[in-house]
Amino acid sequence: MNIAEIAEMAGVSKAAVSRYFNNGYISEEKREAIRRVVEETGYRPSIQAQTLRTKKTKMIGVIVPKVASASVGRIVEGILSVLNESEYQMLLAVTQNNPKKELEYLRAFHEKQVDGVLLLATVLTAEHKRMLKNLSVPVVLVGQHLTGACCVFHDDYHATYDLTRLILEKGRTKLGYISAIQQDKAVGVERFRGYRDAVQDFGLANLAQNVVTASFTVNSGYEKTKELLEKCGELDGILCATDSMAAGAVQYLREQEIEVPEQILVAGQGDSELVKVMVPPLVTVHYSYEKSGKLAVQMLLELLGKSEAALKEVKLGYALVDYD
C-alpha cells in the first residue's frame with residue numbers, strides 16, 4: 001500500500017492523505033473516509049519516509065543514570081504519562097552513573113537527530129555545559145539547576161535544612177551526615193549545604209565535620225556508616241543524602257545491635273517504597289519526581305512546537321515525611 005492507493009480507495013486526493021498523516025487540516029468527511037480505509041487495510045506510513053520529508057523523527061532521547069532507582073523510575077513514569085498521549089516516542093539511554101557516558105549519548109542523539117533530549121544529569125562538567133550549548137536539538141535538564149538552560153529541579157538545599165532542623169528539634173544533637181559526591185550539585189552539594197547551615201544555625205557548627213561520602217547504593221550506605229562511626233565516635237542521629245544510603249545505614253546499625261531509632265535516629269531522602277516498608281519507617285523527604293518528569297517533557301514539547309520559546313527554570317518544592 002502507498003499514499004496513492006489509499007487516496008484512490010478513500011476517494012480523496014494524495015495531498016489530503018498526506019495532510020491526514022501529518023495532522024494537517026482536512027474536512028471531517030475526508031478524514032473519516034481516510035480513517036476507514038486505514039483501519040480496513042492496516043496501513044502504516046513509513047517512519048523513514050516521514051523523517052526524510054519532515055526532518056522530524058518523532059523521538060525524544062531520555063538519558064538516565066541508572067534504571068534500578070526509585071527516583072529515576074518515578075521521573076520516567078512522569079515522562080511516559082505525557083509522551084504516551086503525544087505523537088512522540090521515547091528512546092532511553094542508561095549511563096550507569098558514568099558522566100562520560102552522558103556525553104557519549106548526547107553526541108549520539110545529536111548525530112542521530114532525535115527531536116529533543118531530556119537529560120537526568122548526575123554532574124555538569126565544563127564539557128557538559130559546552131555540549132549542551134552547542135547541541136542542535138533542544139534539551140531540558142531534570143534534577144539539576146543550570147543557569148541559562150531549561151531545567152526542572154528540586155529545592156534540595158531547603159529540604160535538607162528543614163530535615164536537619166527536624167532531627168535537631170527531636171533532641172538529637174550528635175549528628176553525622178552521609179553525603180553524595182560533591183560533583184553532583186543537587187544531591188551532593190546542595191543537600192550537604194542544607195545540613196551544614198542547619199547545624200551552624202543551631203550553634204552546633206562542629207557537626208558539619210561529621211561527614212563521609214557514599215555512592216548511591218544500599219551497600220555503600222552500609223559501609224560508610226561504619227566509617228562514619230569510626231570517625232565520629234558516639235552519634236544519636238545519622239542523616240543521609242538518599243533513602244538507599246539510609247537503608248544501608250540501618251542494616252549496619254542493627255547488625256551492631258544498635259537500636260534504631262532509640263539509640264540512633266536515621267533519616268533519608270526520597271520517600272521511596274524502601275523506607276516505607278522498614279519498621280519503623282524512616283524519616284525522609286518527599287520530592288515530586290513524577291511531576292518533574294511531566295513538567296520537563298511538557299517544556300520540551302513546547303520548545304519543539306515553537307521556533308522560539310521562553311527559557312524556563314522550574315524549582316519544585318518538597319515535604320518532610322515523619323511517621324513518628
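Biologist: What makes the sulfur of cysteine 232 too far from the closest cysteine sulfur for a bond?

Modeller: In this predicted model, the closest cysteine sulfur belongs to cysteine 240 and lies 12 Å from that of cysteine 232. A disulfide needs two cysteine sulfur atoms within 2.5 Å, so at 12 Å there is no bond.

Biologist: How many disulfides does a search of the whole structure find?

Modeller: The search finds 0. Cysteine 150, for one, is in no disulfide, and its nearest cysteine sulfur, in cysteine 151, is 7.4 Å away.

Biologist: Why is cysteine 150 called buried?

Modeller: Its relative accessible area is 9%. Buried means under 20%, so cysteine 150 counts as buried.

Biologist: How do you know that helix 11 has a span close to the expected one?

Modeller: Helix 11 covers residues 243-255, which is 13 residues. The expected span is 1.5 Å times one less than the number of residues, and this gives 18 Å for helix 11. From first C-alpha to last, the helix reaches 18 Å, so the two agree closely. Its buried residues include Met245, Val250 and Leu253, and among the elements covering the buried residues are helix 10 and strand 8.

Biologist: What makes strand 1 and strand 2 a pair?

Modeller: Two strands pair if there are at least two bridges between them. Strand 1 and strand 2 have 6 bridges, in the parallel sense, so they pair. In one of these, isoleucine 60 has methionine 90 of strand 2 as its partner.

Biologist: Which strands are the edges of the open sheet with the order 2-1-3-4-5-11?

Modeller: The edges are strand 2 and strand 11, each of which pairs on one side only.

Definitions and conventions: Residues are numbered from 1 along each chain as its sequence is written. This is a predicted model: local features need pLDDT of at least 70, side-chain atom pairs count only at pLDDT 80 or more; totals for chains, interfaces and linings use all residues. Side-chain values use heavy atoms; hydrogens and water are left out. Helices (H or I, at least four residues) and strands (E, at least two) are DSSP runs, numbered from the N terminus. Buried means under 20% relative accessible area, exposed over 50%, partly exposed in between (1.4 Å probe, protein chains only). Contact means heavy atoms within 4.5 Å.
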